[in-house]
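Here's a quick tour of a protein chain, put together for someone fairly new to reading structures. Have a look at the picture first, then work through the notes below it.

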Amino acid sequence: MLSPTRSSAQTILKAVVTTASTVIQESTRTITEQKEESIDADDSEPSKKKFKDDTEVEVETSVTTQTTTTTTQIRPRPLKKRKVCVSFGYCGAGYFGLQRNAKDKVHRTIEDELVEALVKVDAIPQAHADDMSKMAFQRAARTDKGVSAVANLVSLKLSPLENLTELVNEQLPKQIRMFGVKRVAASFNSKNSCDARTYIYILPTYAFCPIEEITSESYRVTSEILQLIKDVSNEYLGSHNFHNFTSGKKFTDPSARRHIFSINIADPFIEENVEFTIITIKGQSFMLHQIRKMISLIIAIVRGIASRDTIQQAYNADKIDVPKAPPLGLVLEKLHYDRYDKKFGKDGQHEALTWEQAETEIKKFKEDIIIPHIIKKEITDKSMFKWLSFLPCHHFDRLLPFYPPGAYTGVGRGLYLLQQQQESSGKLDDDDDENGGDE
């Protein structure tokens, strides 16, 4: 039999449990009612939902009547920027080279046009155009004033857009064309990832007319001269010290050593009664002035102004007097990314940077825009013909420290001073670089 004290304690405990249960049930009911009222409220806050495709959207829901009529608005945010490369070509006429200087509003460049077109189609924001480092912008090869490119390439980060190539081309002048865009690996650098570069140089064949003959536009190169051009050009093949084919490089500078893979001389062709040929040079990389000096020395040897062994002497430590050929005929034709293509071209996420899908368009741009412009301007301005008249100013021999190039004899000094005067007055368009520096 329970004592009175124990019976009273159990009664009190039972009452407390009953009261607590009642309070919990009422609290739960209150929370449920508050949620239901929140759902029916007219001033509900927007809710956010994030998708896995790097797109974040805000969904706004508003109730306009008591019959639960709703209106939904979706406001997409920009897609996450991706590392891509852009293939494009251009005729350099009228532009101060390729490289852009955002602070320079006077000298218009090719990159000015390209970057502004990307801003107009919302591929990059204006802030990235003002500071190109924000989009990791990098060019594969820099070209200077008057130099064209069949297919150059830049790498950058931008927002992916459908039909980007078509949209950008609508904003570009006809002498600049974008050929395509491809996603690349995060580590890709259009300059450092490039294995080789191919340039072409278009020139009239009268540049090779022997010095004993009268140089004129009616000159036609003979098979013997054509073979001599090929033989002399082959002396550039392989790895050599090209310190004499650039500016500011010493013989001891390791970066002066460059490798030339191939040099080809095309069969001559005639345009407007002037015979032309095209020299194609493929190298691992090229320095400031290098290609134009290589062409200049070929011309001097074939014409008989320089001795046949000058190229081999130029690889030695002594400084040699080698001028630059005119910039007009120089064109960047192709960039090679063989190592990158082998590693990433078939990984399922990236593509090889070979641009076969745009091959027809690239060829058409070269044949319809770039080459006709160079030939027409050469025939009109005669930049090669004028340059040949000053070629004898240079002796292509070891330079002495107390004489400038071309100032060794009375006649040579007179021609040298005349050349300097005309260059400073702008009569000679021979003051630009093929690629602006070390690549």
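Let's begin with Tyr-199, which the UniProt record (an unreviewed entry) annotates as "binding site". Tyr-199 lies in strand E8, and it counts as buried because its relative accessible area is 0%, under the 20% cut-off. Keep in mind that you're looking at a predicted model. The UniProt note itself may be inferred rather than shown by experiment.

**Another spot flagged in the record**

- The same kind of unreviewed UniProt entry puts the label "active site" on Asp-144.
- You'll find Asp-144 in the loop between strand E5 (138-139) and strand E6 (148-158).
- Is Asp-144 buried or exposed? With a relative accessibility of 18%, Asp-144 falls under the 20% limit, so it counts as buried.

**Strand E12 and its partners**

- Strand E12 covers residues 274-283, and 8 of its 10 residues are buried, so the rest of the structure largely encloses it.
- Which way do E8 and E12 run relative to each other, parallel or antiparallel? They run antiparallel, and 8 bridges join them.
- At one point of contact with E12, Arg-197 stands opposite Gly-283.
- Strand E10 (residues 257-265) is also antiparallel to E12, with 5 bridges between them.
- Look for Ile-263 here: its bridge partner in E12 is Ile-281.
- Strand E11 (residues 269-271) is joined to E12 by 3 bridges, and this pair is antiparallel too.
- Glu-271 stands opposite Val-274 in E12.

**Positive phi angles**

- Some background first: most residues other than glycine have a negative phi.
- The hairpin of E11 and E12 has 2 residues between its strands, and Glu-272 there takes a positive phi near 55°.
- Asn-273 isn't a glycine either, yet its phi is positive, at about 65°.
- Asn-273 sits in the loop between E11 and E12, and it is exposed because its relative accessible area is 63%, over the 50% cut-off.
- Ala-136 also has a positive phi, near 55°.
- Look for Ala-136 in the loop between helix H3 (126-130) and E5; with a relative accessible area of 33%, Ala-136 is partly exposed.
- Just after helix H9, Lys-382 takes a positive phi of about 55°.

**Helix H9**

- How far apart should the ends of H9 be? H9 has 23 residues (359-381), so at 1.5 Å a residue it should span 33 Å, and its end C-alpha atoms are 31 Å apart, which agrees.
- H9 isn't straight all the way, though: it bends by about 35° at Lys-366.
- Lys-366 is also one of the buried residues of H9. Others on that list include Ile-362, Phe-365, Ile-370, Ile-374 and Glu-378.
- A handy idea to have in mind when you trace that list along the helix: an α-helix has 3.6 residues a turn, so residues three or four places apart point the same way.

**Rings meeting rings**

- How many aromatic pairs turn up in a search of the whole structure? The search finds 12.
- One of them is Phe-188 with Tyr-340, an edge-to-face pair with 5.0 Å between centres and 65° between the planes.
- This pair links distant parts of the chain, 152 residues apart: Phe-188 is in the loop between strand E7 (176-183) and strand E8 (196-204), while Tyr-340 is in helix H8 (residues 338-344).
- Both Phe-188 and Tyr-340 are buried.
- Phe-188 and Tyr-340 also belong to one aromatic cluster together with Tyr-337 and Phe-344.

**Charges over rings**

- The charged end of Lys-182 sits over the ring of Trp-355, 4.5 Å from its centre.
- Lys-282 does something similar with Phe-261: its charged end sits over that ring, 5.7 Å from the centre.

**One more loop residue**

- Asp-309 is in the loop between helix H6 (290-303) and helix H7 (310-314).
- With a relative accessible area of 38%, Asp-309 counts as partly exposed.
- Asp-309 and Val-232 are 77 residues apart along the chain, and their C-alpha atoms are separated by 9.5 Å.

Technical notes: Residues numbered from 1 in each chain as written. Predicted model: local features only at pLDDT ≥ 70, side-chain atom pairs only at ≥ 80, totals over all residues. Heavy atoms only, no water. Helix = DSSP H or I, 4+ residues; strand = E, 2+ residues; numbered from the N terminus. Expected span 1.5 Å × (residues − 1). Bend = angle between axes of the 7 residues up to and from the residue. Buried < 20%, exposed > 50% of the residue type's maximum accessible area, 1.4 Å probe, protein only. Phe/Tyr/Trp six-rings, centres within 6.5 Å; stacked < 30°, edge-to-face > 60°. Lys NZ or Arg CZ within 6 Å of the ring centre and 35° of its normal. Pairing = 2+ DSSP bridges.
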